[in-house]
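Biologist: I would like to walk through this structure with you. Can we take it one question at a time?

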Amino acid sequence: MYVVKFGKGKNVYVRLMEGYRDSQGRPRNRVVQNLGRYDDLIKDDPDAFEKLKAQYRVKGQVKKQATQQARQTEIARVLALQSDNCTSTAPLPLLSYGHYVLKQIWDEDLALGRKISYLQKTQTNIQFDVNAAISFMSFMKVLDPCSVLGSLSDKDNFIGDPAAEITLDDFYHSLSFLKQCKDDLMQWVNRQMDKKFGKSRASMVFYDVTNAYFESAMTDAERGYEQVDFVENVAEMARIARENNELDDSCFDEDGNVIAEALPPEFIEAIADEKIQYLRMRGPSKEHRFDLPIVSLALVIDSNGFPMDFAVYAGNDSEFKTMRKSIEFFKRKYDIENVTVSADRGVNSVRNLQMLQDLGFGFLVAQKVSQFSESLNKRMLNRDLYTPFDPADPEAGGYQVIKDWTKTGSRKNEKVQCTLVLTYNEKRRRRDEALLNVLRSIIEKKIAKGEKIGPRKTGWAGLAKVADDKEQMILGVDEELFEKRRRLCGYAALVYAEPRQQDAAQERTDRQVQEPKLPALSGQQIAHAYRRQSRIEECFRIMKHSLGLRPMYVRNSDHVRGHVTVCVLALLLVRLLQHKLDERGIAMSINAICRTLKNASVAVLKTTSAEGQEDASFLSCERRASLRKGRERMSTEDLLQELTKGRIKAHGIADLMQAVGLEPLPQACSRHELARCLRTRFGSPMEAVPPLCWHGI
């Protein structure tokens, strides 16, 4: 019960209210007692109203404790009754509820349920609940990543039956829906993120490419599986070529359709170069899975480490070429300006840097130090020219800036003007030297075994000394090359250019307010900014190892892109959850978050309600995180002492629930109490417990 004021002006009254649930389980409020006029109540004591509220607040807490005690007594009675009358040795079923934490972010922070429902209504004739299917697949990537079939098999083990009536075909249709509506969804997500973090989060974006392999050993070309939209893409390429006078009208019929046999050989070659016919192909695998087909994934994240957008390309497509496609599409889609693109040296080519400048972007890209001229190499090795990052910490290293440096390409007249920033770090030197020594030991072991070497020049083989390029015995370590690489240990380089301002003639005429030009970065800011490039590498690791990006089990190209979309949405969910925890001063890794959500469960008991109807009660269960992580050399006694003194705190599901605005579950709770904690409504036991699970209790 609680006390409230109602009325306006001089006619303000005080009432005693209580909450209850009607026969349908819906929350309601009713008047218990009218306590008179407010001014009469505070006439003799101005604090009378607040005291009255505190009085009933205490009574409410006492009632809550009594209810909880009665619930525990009832559960104990039911357990004793089951022990006396039941001969079954089957354990009580456990249902997961960690997905409700993710659902809060899905619905409240990103409003994805609303957007997906709108897209389903306006762009498809799908009859099942697409949002339920997509959200469940995204939650499963966090809780227990597996195939679509595996997700379907596990869907009856969750409180609230989140994927009720969703079939296997529905899940696959949802993947196709994601491919179709991916651009609309990512634009919507970025608008929601802009509201929370501001548009300045995209003043510097980080770009990188990885790849993911499939369980199937055969490529799409070997199986004859063309991409679902291959024909449409060819028709679009032909239409553009016709507009540019690159194709004759004879290549089209009267209705404007492409006549395949009339296409010239050079256009067919252009189609092949675009790699749009087959998706799952063998290519340079970053995980050395050359035996399996792969796809390439280009990802863009903001300065906070949140994914912004992505693109999926054929496994045999070059990341040098796909960067242009990705960045051009990114600019066209979001109409952005004053953005600096950060990337690793894997995409550092003059053509790519020129492309970024032509689009008005700045760039911050790693540069190989082994390709410098002799004079520049001499300047780089001169430690006296470096400005310390932190004069009080020699280990932090330093930097030097070379403005108006010209980077040249492999072709004639390929060059780009930029700022070159050289850095040195003592820790990096020790790491690089340790790696060199490992490569030396590998070569020495292979010499001892009498192994031969092929023509490859990567990894340890690049330091091996042989008579010629043919496969033969290893003679030893190339000491001259080894010493050259040892001198470069600890050094790194970056190339930087600030974003270009668009000419007035090129600016959009409908833009009312121009965005302010961002100041150019200093050398130290450039070096520190590039360190955040590791965040996108971390995103790839999370998607691969924690969210089930690979291996992929789907074949259809639309389903492949839908699967990647699910993984990116799952990444955004856990990143946002981690951010909410950070705001509360709680440090949890992504692995710990996923494990905690997976272990959050309740045991289900069949009980009898006050009206004599069958109902459900729940016991909260959780496998707690290990207190020994990071303290493996401490004894149990020392750990207990630290725990008693409050120096160690094991974070669990309660912290995650509070971070998103949910109330942690009590040890024992009724169906209505469970619904209240999860901010939902369960009108009947089978709305809380999936029917197949309820039937088996």
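What follows is a set of short questions and answers on cores, salt bridges, the pocket and the cavities.

Biologist: What kind of model is this?
Modeller: Local features are read where pLDDT is at least 70. Side-chain atom pairs count only at pLDDT 80 or more. The model is predicted.

Biologist: Which helix gives the largest share of the largest nonpolar core?
Modeller: The largest nonpolar core holds 156 residues. Y97, I159, Y207, L597 and F618 touch the most other members. The largest share of this core, 14 residues, comes from one helix, residues 557–583. That helix is α18.

Biologist: Why might nonpolar side chains gather like this?
Modeller: Such grouping fits a general trend. In soluble globular proteins, nonpolar side chains tend to be buried together.

Biologist: Which residues does L597 touch, not counting residues up to four places away in sequence?
Modeller: L597 is among the core residues that touch the most other members. Leaving out residues up to four places away, its contacts are G98, V101, L102, V142, L143, L577, I653 and L656.

Biologist: How many residues are in the second, separate core?
Modeller: This core includes I443, I453, I474 and F482. It is separate, and its residue count is twelve.

Biologist: Which element supplies the largest share of the lining of the largest pocket?
Modeller: The lining of this pocket has 49 residues. Several elements each supply at least two of them, including β5 (204–213), β9 (362–367) and α14 (426–449). The largest share is seven residues, and it comes from α14.

Biologist: How much space lies in the largest pocket?
Modeller: R345, A366, R431, D432 and L435 lie nearest the pocket's centre. The lining divides into 19 nonpolar, 13 polar and 17 charged residues. The space in the pocket is about 2200 Å³.

Biologist: How far apart in sequence are R429 and E433?
Modeller: Their side chains meet in a salt bridge, 3.0 Å from N to O. Both residues lie in helix α14. About one turn of the helix separates them, which is four residues.

Biologist: Is E433 buried, exposed or partly exposed, and why?
Modeller: Buried means under 20% relative accessible area, and exposed means over 50%. E433 has 22%, so it falls in between. E433 is therefore partly exposed.

Biologist: Which residues are linked with R429 and E433 in a network of salt bridges?
Modeller: A search of the whole structure finds 41 salt bridges. Some of them link up around R429 and E433. The other members of this network are E426, E483 and R486.

Biologist: Which residue meets K51 in a salt bridge?
Modeller: The distance from N to O is 3.0 Å. The partner of K51 counts as partly exposed, because its relative accessibility is 25%. That partner is D45.

Biologist: What is the volume of the largest cavity?
Modeller: The structure holds three cavities of 30 Å³ or more. The largest is lined by Y207, A298, V300, D309, F310, A311, S326, F329 and F330. These lining residues divide into seven nonpolar, one polar and one charged. The volume is about 80 Å³.

Biologist: How many charged residues line the second largest cavity?
Modeller: This cavity has a volume of about 50 Å³. Its lining includes R595, E622, R623 and R624. By class, the lining has two nonpolar and four polar residues, and the charged residues number four.

How values were computed:
Residues numbered from 1 in each chain as written. Heavy atoms only, no water. Core = buried A, V, L, I, M, F, W, Y, C linked by side-chain atoms within 4.5 Å. Buried < 20%, exposed > 50% of the residue type's maximum accessible area, 1.4 Å probe, protein only. Helix = DSSP H or I, 4+ residues; strand = E, 2+ residues; numbered from the N terminus. Contact = heavy atoms within 4.5 Å. 1 Å grid on protein atoms, 1.4 Å probe; cavity = no way out; pocket = protein on both sides within 12 Å on 5 of 7 lines; lining within 4 Å. Points joined across faces, edges and corners; volume = space filled by probe spheres on them. Nonpolar A, V, L, I, M, F, W, Y, C, P; charged D, E, K, R; others polar. Salt bridge = Lys/Arg side-chain N within 4 Å of Asp/Glu carboxyl O.
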